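I opened the model today to look up a few things about its chain and some local spots. My notes follow the order in which I checked them.

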Amino acid sequence: MSDTAADQLFLGRQPILDREQRLVAYELLFRNGTRNSAEVTDGVQATATVIANAFSELGVEAALGNCRGFINVDEAFLFSDMLELLPRHAVVLEILETVPPSAAVVERCAALKAAGFTLALDDVIQLEPEFADLLALVEIVKVDIQPLSRVQLMQLVMKLKPLGKQLLAEKVDSREQMEQCLKLGFTLFQGYYFAKPTIIAGKKLDHSQLSLMKLMGLLLSDADSSELETALKPEPGLTVNLLRMTNSVGAGSTEKITSLRHAITVLGRRQLQRWLQLLVFASGSQSGSVNPLLLMAATRGRLMELLAAELSPGDAALADQAFMAGIMSLMPALVGLPINEIVTPLGLSGTVRDALCDGSGPLGQMLRLAENSESGELAQLAESLSRLPGLGPKALNRAQTQALQWANSIGQETPSN
């Protein structure tokens with residue numbers, strides 16, 4: 001793999017959810033920043049190598065956790081030997097709509113299926129007879145619902161149903177579309193519909209979550225221990241948890257922690273902040289699964305923290321603020337309120353507030369970069385990256401992978417960090 005290929009590759013990702021709105025997969029968007037349609041096989045080969053290496057070098061496989069990674073496969077990549085280096089249990093090969101259903105393509109897909117790969121057909125909007133053989137080999141059919149009317153979508157599903165395929169609705173962007181697809185029997189969904197306030201209606205942050213946010217704001221603005229103690233006092237559940245954890249952390253010590261102020265001192269502010277941040281996500285989970293939006297917020301926060309560390313090594317305060325800005329940026333979608341209304345009572349520091357409310361400063365630029373990496377919009381991603389000198393695609397990819405890994409560990413029943 002040439003360094004230039006690695007340095008020019010962007011990794012984007014989009015969540016894929018099941019019928020219960022649990023996160024089950026990501027579509028991994030590998031984009032070669034310098035490639036355009038004029039380049040042929042050499043470019044594809046370089047990209048294929050990079051994708052294969054991403055699973056070992058970047059640890060993408062580990063970062064996916066229990067989720068699978070859907071990977072776009074064009075015709076040239078389909079016939080590349082590199083494809084077989086990918087971990088078959090961790091990926092779904094998404095055959096793009098541009099791949100012609102020729103005899104050679106069908107034969108190659110049959111061989112990949114026999115080798116243990118799961119195949120999906122991308123962007124299906126109608127059943128064309130020439131795709132029958134290819135369709136027989138895939139397990140998942142991705143239906144682009146945008147250009148279809150309700151009747152057209154219903155007719156397409158009625159034709160697909162007897163084939164026994166798993167149906168994935170992509171570009172779902174409203175609650176109505178989501179409900180229609182659920183009724184029609186789709187089992188997988190892709191899009192940011194779950195990040196819209198209407199979808200999360202009834203899942204507003206409860207009192208203790210707002211208290212956690214308030215406490216994090218106090219920690220970031222270096223409030224003294226008595227202020228932290230006052231904020232914790234009305235929260236008996238949090239207080240008990242804090243004392244329990246502090247006693248277990250200082251298990252070797254002979255003194256027992258009895259007061260809140262004592263606990264705050266023993267635990268230390270940074271530890272306390274990490275614990276609170278984890279609690280925000282733990283309290284947003286139901287029946288052992290984490291709300292995908294909270295998981296997205298955790299990933300974004302961790303990504304921004306890592307980017308801050310890359311840009312200003314040793315600046316712990318900037319890294320903490322970046323984490324806070326990242327997780328707070330998704331709160332409007334979660335609680336259905338404008339960011340200004342959420343930020344005001346939390347007493348957040350000026351830097352974090354400016355990044356969230358105006359998108360200004362280095363934190364604002366990092367936030368834009370994080371958002372663009374999630375949407376997979378290559379042009380905006382490249383532009384955001386150019387505004388942060390000192391950060392390249394390689395560092396961004398590494399940080400994204402580490403952030404995913406960290407967020408997935410929160411999603412497990414027993415957080416590992």
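The entries below go from the whole chain to one helix and then to one loop residue.

**Entry 1: confidence.** I noted before anything else that this is a predicted model. I looked up the mean pLDDT of the protein chain and got 78, with 73% of the residues at 70 or more. I then went through the elements: helix H5 (residues 103-114) has the highest mean pLDDT, 96, and helix H1 (residues 3-7) has the lowest, 45. For residues 34-41 I found pLDDT below 50, and 6 contacts in the model beyond near neighbours in sequence. Residues 1-6 also stay under 50; I listed 9 contacts beyond four places in sequence for residues 1-6.

**Entry 2: the whole chain.** I looked up the secondary structure of the protein chain and found 21 helices and 8 strands. The chain has 417 residues, and 53% of them count as buried. For the surface I have about 18,200 Å² exposed, of which carbon and sulfur atoms supply 53%. I also checked the contacts between residues at least 6 apart in sequence: 65% of these join residues at least 24 apart.

**Entry 3: helix H8.** Which residues of helix H8 are buried? For this helix, residues 175-184, I listed Gln177, Met178, Gln180, Cys181 and Leu184. These buried residues lie on the same side of H8, because they cover an arc of only 165° around the axis. On the face turned away from that buried side I found the exposed residues Glu176 and Lys183. Next I looked up what the buried residues of H8 pack against, and noted helix H7 (150-160), strand E7 (166-170) and strand E8 (188-190). After H8 comes Gly185, for which I read a positive phi, near 100°.

**Entry 4: Leu127.** I placed Leu127 in the loop between strand E5 (118-124) and helix H6 (132-137). Is Leu127 buried, exposed or partly exposed? Its relative accessible area is 30%, so I entered Leu127 as partly exposed; the cut-offs are under 20% for buried and over 50% for exposed. Leaving out residues up to four places away in sequence, I found that Leu127 touches Leu135, Leu156, Lys159 and Leu160. I also took the C-alpha separation between Leu127 and Val157, which is 9.9 Å. Leu127 and Val157 are 30 residues apart along the chain.

Terms used: Residues are numbered from 1 along each chain as its sequence is written. This is a predicted model: local features need pLDDT of at least 70, side-chain atom pairs count only at pLDDT 80 or more; totals for chains, interfaces and linings use all residues. Side-chain values use heavy atoms; hydrogens and water are left out. Buried means under 20% relative accessible area, exposed over 50%, partly exposed in between (1.4 Å probe, protein chains only). Helices (H or I, at least four residues) and strands (E, at least two) are DSSP runs, numbered from the N terminus. The arc is that of the directions from the helix axis to the C-beta atoms. Contact means heavy atoms within 4.5 Å. Accessible areas come from the Shrake-Rupley method with a 1.4 Å probe; for residues, only the protein chains shown count as cover. pLDDT is the predictor's confidence in each residue, from 0 to 100.
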